[in-house]
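Visitor: Got a minute to walk me through this one? Let's start at the surface.

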Amino acid sequence: MSESSNCVYPHNHASCCQSKTFAVCESATSVAQGVQNTQSATTAPVHHLSHHHHMRIRWHEFFTSSNDTPVQEARFPERAVLVGHIGMMLLSCGTGAWRVRDAMNTIARNLNMTCSADIGLVSLDYTCIDCEGRSYTQALSLPSTGVNTSKLNRMEAFVRAFDKDHGQWSVGQVHQALDSIEAMKVRYKPYQVALAAGLACAGFIFLLGGGIYEVLCCFFGAAAGNYVRRKMLDRKITLVADIAVAVSVACAVYLLSYTVLFECLRANPRHLDGYIGALLFVIPGFPFITSGLDLSKLDMRSGIERAVYALMIIAVAVSVGWSAALCLDLRPQDFLPILGLTPLTLTLLRLLASWCGVFGFSIMFNTEPKMAALAGVLGAIANTLRLSLVSWTPLAPCIAAFFGTLTAGLLASVVRKKIGYPRIALTVPSIVIMVPGLYMYRAMYNFGAFSLDKGSLWLLRAVLIVFCLPLGLIVARILTDPKWRHAG
């Protein structure tokens, strides 16, 4: 899963049908530098060029209109740039292409323009056309992707407010609102995110059938691994390196924790097999789920890019986990049975573990505590329903996963109408805990051991569940969201 991101929006290529594009940019740069109108007209404008690999855009330099100018009366290139800026801010939060395009369309309509956008995982190309037939095109990209549900909530609130006021804002008001959102810092410190990962994976491993030893070792392993991952992300370390190192640390700390328990309590060696639970904090829930949603709306570019991104993370994680298994001579097997639990007790424990898991994943997505707790309630209901269907009905796990995600989607729609939280910020954490990470690991292990029949079986089971997870959300959206229900 992806960590929270406060990226700015580097690397830009823009073309405008107007012949004075470069003059506009130079003038905007001069204004940004405080050049007074009384200075000599021959004074050369000063540009601040970015030295980053993905060059940063100075968004304010596009504007020559004063802060008191109504944004609907701003120059056409300025209004068009504003649409792209808002689209990139939403894209940086980790939301899918449909939501980004919907927000860009809302802003464009209120600014008397038509917008057409092609959106990917970290980039978008868009064209704005005004009533006079002028067009303005930009190609924009982010240096990386991430998830920040707090920022997403603020962005959606901004778009709703702008639409409610029919765009009757000044340029200064728009700048002030967007600048305050861009200035939002990551809500949680590294140790807090680490504890959240430990809580999430501890709940996850219990739901997979692990006992108290696996739960304790997973908590410490996942907490250490995600702490290292967060510190590496803060230092802009590349994705593959931070995933590999974080998973390696999680495996090592799990082994160390088990060794302590073995020395103190003579724990059964089979408890060591639960180390796979300590790796599950890397599950890329947001790109996994949003890829399915985007594909269902024919946003093929975004859907495919998100799916490939998610598969790359999973491939790196399970490869490191497989290497650890080879070093420790571990072979995947079922966990030791938990004895003495009645159906009622097991259901109550599943509710608690599911809440802990979803709450922990929500915190990792930089969700505010109240929203995370509410997502935990939705996830506890949906995931416990799924597990109950698997345990006490003849339904296949993939069908149970469909009903679980359908329940999460319907509940999230009700909450959105009552409170206004982004639907995706409630549903994705609820569904991440349903992703079959253990199946994926077992598939990779058996393929590595050249047991192609067993590997194919586990891979097929994982693929069927992964297919049904977004399908349940899609059906829920069709039933509850008229805008989503219709094409075009």
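Guide: Sure. Helix 10 (residues 300–328) gives the largest share of a nonpolar patch, three residues. Helices here are DSSP runs of H or I, at least four residues long, and strands are runs of E, at least two, numbered from the N terminus.

Visitor: Is this an experimental or a predicted model, and how are residues numbered?

Guide: This is a predicted model, so local features need pLDDT of at least 70, side-chain atom pairs count only at pLDDT 80 or more, and totals for chains, interfaces and linings use all residues. Residues are numbered from 1 along each chain as its sequence is written, and side-chain values use heavy atoms, with hydrogens and water left out.

Visitor: Back to the patch. Which residues form it?

Guide: Leu295, Leu298, Met300, Ile304 and Val308. Together they have about 470 Å² of accessible area. Val308 sits in helix 10.

Visitor: What counts as a patch?

Guide: Patch residues have over 30% relative accessible area and no salt bridge; like charges are joined within 9 Å, and nonpolar side chains (Val, Leu, Ile, Met, Phe, Trp, Tyr) within 5 Å. Areas come from the Shrake-Rupley method with a 1.4 Å probe, and for residues only the protein chains shown count as cover.

Visitor: Now inside. How many residues does the largest nonpolar core have?

Guide: The largest nonpolar core has 141 residues. Val83, Ile86, Leu124, Phe158, Tyr275 and Phe281 have the most contacts inside it. A core is a set of buried Ala, Val, Leu, Ile, Met, Phe, Trp, Tyr and Cys residues joined through side-chain atoms within 4.5 Å. Buried means under 20% relative accessible area, exposed over 50%, and partly exposed in between (1.4 Å probe, protein chains only).

Visitor: Where does this core lie relative to the domains?

Guide: Between them, because domain 1 (59–183) and domain 2 (190–485) both give residues to the core. The bounds come from an automatic or database domain assignment.

Visitor: Any general background on that?

Guide: In soluble globular proteins, nonpolar side chains tend to be buried together.

Visitor: How many aromatic pairs?

Guide: The count is 13 aromatic pairs. Rings of Phe, Tyr and Trp (its six-membered ring) pair if their centres lie within 6.5 Å; planes under 30 degrees apart are stacked, over 60 edge-to-face, the rest tilted.

Visitor: Why is the pair of Phe158 and Trp169 edge-to-face?

Guide: Their planes are at 85°, with ring centres 5.5 Å apart, so the pair is edge-to-face. Phe158 is in helix 4 (residues 149–164), and Trp169 is in the loop between helix 4 and helix 5 (171–182), eleven residues apart. Both Phe158 and Trp169 are buried. Ring pairs link Phe158, Phe162 and Trp169 into a cluster.

Visitor: And how about Tyr441 and Tyr445: what do they form?

Guide: A tilted aromatic pair, 6.3 Å centre to centre with 50° between the planes. Both lie in helix 15 (residues 437–448), four residues apart, about one turn of the helix. Tyr441 and Tyr445 are both buried.

Visitor: Switching to charges. How many salt bridges?

Guide: The count is 16 salt bridges. Each is a side-chain nitrogen of Lys or Arg within 4 Å of a carboxyl oxygen of Asp or Glu.

Visitor: Which residue does Lys483 bridge to?

Guide: Asp102, with the closest N and O atoms 2.6 Å apart. Lys483 lies in helix 17 (residues 482–485) and Asp102 in helix 3 (residues 97–110), so the pair ties together parts 381 residues apart in sequence. Lys483 is partly exposed at 48% relative accessibility. Asp102 is buried at 13%.

Visitor: Asp242 and Arg229: how far apart are the closest N and O atoms?

Guide: They are 3.6 Å apart, in a salt bridge. Asp242 is in helix 8 (residues 239–265) and Arg229 in helix 7 (residues 212–234), 13 residues apart. Asp242 is buried at 1% relative accessibility, and Arg229 is buried at 2%.

Visitor: Which residues do shared partners join into one network?

Guide: Arg99, Asp102, Glu156, Arg160, Arg416 and Lys483 are joined by salt bridges that share partners.

Visitor: Last one. Gly321: buried or exposed?

Guide: Buried, at 0% relative accessibility. Gly321 is in helix 10. Gly321 and Ala250 are 71 residues apart in sequence and 9.6 Å apart in space, C-alpha to C-alpha.
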